[in-house]
Amino acid sequence: MLAVFAKAIGKPPEELRLPAMGSNNSKTPEEIVQKFQSLWPDSAVYNLPHGNFMALSHEDESPIHPRCIVVLDDIFCIFMGALANIAELRHHYGLPRQATEAMIVIEAYKALRDRAPYPPDQVVKHLDGKFAFIIFDAKTYTLFIARDREGSVKFQWGMARDGSLVCSDDPTIIREGCGQACAAFPPGCIFINGSGLTSFDHPLHKVQAVAHEDDSGNILSVYFQVDLYTKIPSIPRTGSAANWADAVAEVKGE
């Protein structure tokens with residue numbers, strides 16, 4: 001699975017770039033898609049508005065974490081994994097028995113979009129299973145990404161050379177496409193391009209970047225975790241320079 005969204009649409013957290021500061025070993029979005037197609041020749045590539053891409057291959061697919069892509073009402077959804085409470089969710093959203101997991105999360109997203117303000121954590125919190133998914137609404141240019149609490153499905157995100165957001169379950173694609181500018185997508189979290197990264201179990205608490213450094217202070221990698229001591233209303237917007245400065249200070253013990 002691969003999804004690439006231009007910087008203006010994807011709005012990736014700037015913290016993803018920090019391990020790659022001073023290096024330029026990432027690729028362009030076009031090069032990343034070409035690499036994916038070379039690795040998975042059977043892949044289907046969806047060209048979205050403004051140079052965005054979604055691609056899916058069923059090669060090397062886990063039988064317990066299948067992949068699928070669905071397009072409904074100009075909403076594109078890649079879903080990986082399975083929902084244990086799928087029958088309950090079909091009933092809740094008034095969907096037929098043939099409705100797949102991807103169709104269900106699209107319906108859940110539409111409920112969120114059309115009933116705003118409606119807390120996004122309430123939508124994802126009711127999904128019981130092992131999953132990761134990406135939704136792109138081509139009408140509103142909304143990007144909605146989520147991963148289950150345990151991080152059961154492999155799922156990473158990173159930044160391409162031009163700052164585009166790259167998401168994939170393939171470590172080779174992330175490593176070659178983003179270089180060091182990547183990290184695991186945090187379990188139990190939602191990313192929305194208009195509001196940033198939040199935890200659906202702790203929606204009032206900040207999800208912050210934490211840096212791993214070597215003895216010389218060089219940032220080797222970053223990961224994201226919920227800060228249960230910091231409430232969102234009292235902090236700057238996720239991804240701001242001030243927010244990163246706070247995270248680095250905590251890592252250094254300042």
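Why is helix α4 largely enclosed by the rest of the structure? In this predicted model, 10 of the 14 residues of α4 are buried, so the helix is largely enclosed by what surrounds it. Welcome to the tour: besides α4, it takes in an open sheet of six strands, a hairpin made by β4 and β5, and some of the 12 aromatic pairs that a search of the whole structure finds.

**The six-stranded sheet**

- Reading across the open sheet, the strands come in the order β2-β3-β1-β9-β8-β10, and their pairing is antiparallel.
- The edges belong to β2 (44-47) and β10 (182-184), each of which pairs on one side only.
- From one strand to the next, the twist averages 15°.
- Strands of a sheet pair through backbone hydrogen bonds, in either a parallel or an antiparallel way.
- At one end of the order, β8 (residues 156-159) and β10 are antiparallel partners over three bridges, and here Gln 156 stands opposite Ala 184 of β10.

**Helices lying across the sheet**

- Helix α2, residues 29-39, lies across β1 (2-5), β2, β3 (53-56) and β9 (165-168).
- The direction of α2 is at about 170° to that of β1.
- Helix α6, residues 171-178, lies across β1, β8, β9 and β10.
- Relative to β8, α6 runs at about 15°.
- Strands β1 and β9 appear in the lists for both helices.

**Helix α4 and its surroundings**

- Helix α4 covers residues 101-114, and its 14 residues reach 20 Å from the first C-alpha to the last, close to the 20 Å expected at 1.5 Å a residue.
- The buried residues of α4 are Glu 101, Ala 102, Ile 104, Val 105, Ile 106, Ala 108, Tyr 109, Lys 110, Ala 111 and Leu 112.
- What covers these buried residues includes the strands β4 (67-72), β5 (75-83), β6 (129-137) and β7 (142-147).
- The helices α3 (86-92) and α5 (120-124) are also part of that cover.

**The β4-β5 hairpin**

- Strands β4 and β5, both part of the cover over α4, pair with each other in the antiparallel sense over six bridges.
- Within this pairing, Val 70 stands opposite Cys 77 in β5.
- Two residues separate the strands of the hairpin, and Asp 73 in the turn has a positive phi of about 55°.

**Aromatic pairs**

- A pair of aromatic rings is described by how far apart the centres are and by the angle of the planes.
- The search of the whole structure gives 12 aromatic pairs; one of them joins Phe 79 and Phe 131, whose ring centres are 6.2 Å apart with planes at 20°, so this pair is stacked.
- Phe 79 belongs to strand β5 and Phe 131 to strand β6, so their pair ties together parts that are 52 residues apart in sequence.
- Phe 79 and Phe 131 are both buried.
- Another pair, Phe 155 with Phe 185, is tilted, at 5.4 Å centre to centre and 45° between the planes.
- Phe 155 sits in the loop between β7 and β8, while Phe 185 sits in the loop between β10 and β11 (189-192), so this pair ties together parts 30 residues apart in sequence.
- Phe 155 and Phe 185 are buried as well.
- Ring pairs also link Phe 79, Tyr 109, Phe 131, Phe 133 and Phe 144 into a cluster; Tyr 109 in that cluster is one of the buried residues of α4.

**Individual residues to look for**

- His 50, in the loop between β2 and β3, has a positive phi of about 60° although it is not a glycine.
- With a relative accessible area of 58%, His 50 is exposed.
- Tyr 141, in the loop between β6 and β7, likewise has a positive phi of about 60° without being a glycine.
- Tyr 141 is partly exposed, with a relative accessible area of 31%.
- Gly 196 is found in strand β12, residues 196-199, and is buried, with a relative accessible area of 12%.
- Leaving aside residues up to four places away in sequence, Gly 196 touches Ile 190 and Phe 191.
- Gly 196 and Val 207 are 11 residues apart along the chain, and their C-alpha atoms are separated by 9.3 Å.

Conventions. Residues numbered from 1 in each chain as written. Predicted model: local features only at pLDDT ≥ 70, side-chain atom pairs only at ≥ 80, totals over all residues. Heavy atoms only, no water. Pairing = 2+ DSSP bridges. Helix = DSSP H or I, 4+ residues; strand = E, 2+ residues; numbered from the N terminus. Axes fitted to C-alpha atoms, helices over the stretch in contact; angles between N-to-C directions. Contact = heavy atoms within 4.5 Å. Expected span 1.5 Å × (residues − 1). Buried < 20%, exposed > 50% of the residue type's maximum accessible area, 1.4 Å probe, protein only. Phe/Tyr/Trp six-rings, centres within 6.5 Å; stacked < 30°, edge-to-face > 60°.
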